[in-house]
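Work through the exercises below with the model open. Each task is followed by a stepwise solution.

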Amino acid sequence: MLMLWRASAAGRCVAAAQRSVNSRAFSSRALIPVTEVRKGMYIKIEDKYGEVKVFHPHKQGRGAASYNVTYDELDTGKERLHKFTASSKVTRIEPDREECQVLYTKGSGKEEKIVVLADAEYNEVEVPLAYFQGHSSVPDGATATLYKDDNDIIKIVLKS
């Protein structure tokens, strides 16, 4: 009886260890009221990803309230302002974070340059240089953090 108990306990421990190794966090999306938007959130507006910089409620007299959200478009780096009504909803994105290492750069010209990264499982990920906002070149061996929504790359932060 004691041997049977030990075997089942050991089996449960191995199964729990396998679940923790195989478990992976996935990005999530939630439709939230515009009143819950705050600075630093990642949102999706009209099929574009953005990072909220300023959230400002606006109301004049007895009129309906509106909300001004200033955000940076993550694919272009441009600052945008969007006005919402009080009943509007916004898609909030909680992206996956993945550490990668820069292997090499290939191609010529800013639009044609491709940066090849290696993720934790040594899979190669090819990303256009335009995703590295504010960088005209990326040094080999640097560490980059990829922010991903499912398979879409939202943002890349290069660590110094």
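Buried means under 20% relative accessible area. The model is predicted.

**Exercise 1.** Classify Glu 73 as buried or exposed, and list its contacts.

Solution.
- Step 1: Locate the residue. Glu 73 is found in strand S4, residues 66–73.
- Step 2: Apply the cut-off. Glu 73 has 8% relative accessibility, so Glu 73 counts as buried.
- Step 3: List the contacts, leaving out residues up to four places away in sequence. Glu 73 touches Lys 48, Tyr 49, Gly 50, Lys 78 and Arg 80.

**Exercise 2.** Give the strand order of the open sheet with 5 strands, and explain why S9 and S11 each have one side without a neighbour.

Solution.
- Step 1: Write the order. The sheet runs S9-S8-S7-S10-S11, with antiparallel pairing.
- Step 2: Look at the edges. S9 (124–128) and S11 (152–159) each have a single partner strand, so one side of each has no neighbour in the sheet.
- Step 3: Add the twist. On average, neighbouring strands of this sheet are turned by 40 degrees against each other, direction ignored.

**Exercise 3.** Trace the bridges from S7 through S8 to S9.

Solution.
- Step 1: Start with S7 (residues 96–106) and S8 (residues 114–118). They run antiparallel and are joined by 5 bridges. Lys 106 has Ile 114 in S8 as its bridge partner.
- Step 2: Move on to S9. S8 and S9 also run antiparallel, again with 5 bridges. Here Ile 114 has Pro 128 as its bridge partner.
- Step 3: Inspect the hairpin of S8 and S9. It has 5 residues between the strands, and Tyr 122 takes a positive phi near 65 degrees.

**Exercise 4.** Which side chains of S9 are buried, and which are not?

Solution.
- Step 1: Take one face. Val 125 and Val 127 point to it and are buried.
- Step 2: Take the other face. Glu 124, Glu 126 and Pro 128 point there and are not buried.

**Exercise 5.** Which residues touch the most other members of the largest nonpolar core, and which elements give two or more residues to this core?

Solution.
- Step 1: Find the residues. The core has 15 residues, and Leu 117 and Phe 132 touch the most other members.
- Step 2: Assign the elements. S7, S8, S9, S10 (143–149) and S11 each give two or more residues. S11 supplies the largest share, 3 residues.
- Step 3: Expand Phe 132. Beyond four places in sequence, Phe 132 touches Val 115, Leu 117, Val 127, Val 138, Ala 144, Ile 156 and Leu 158.
- Step 4: Check for another core. A second, separate one has 13 residues, including Ile 45, Tyr 67, Phe 84 and Val 90.

Conventions:
Residues numbered from 1 in each chain as written. Predicted model: local features only at pLDDT ≥ 70, side-chain atom pairs only at ≥ 80, totals over all residues. Heavy atoms only, no water. Pairing = 2+ DSSP bridges. Helix = DSSP H or I, 4+ residues; strand = E, 2+ residues; numbered from the N terminus. Axes fitted to C-alpha atoms, helices over the stretch in contact; angles between N-to-C directions. Buried < 20%, exposed > 50% of the residue type's maximum accessible area, 1.4 Å probe, protein only. Contact = heavy atoms within 4.5 Å. Core = buried A, V, L, I, M, F, W, Y, C linked by side-chain atoms within 4.5 Å.
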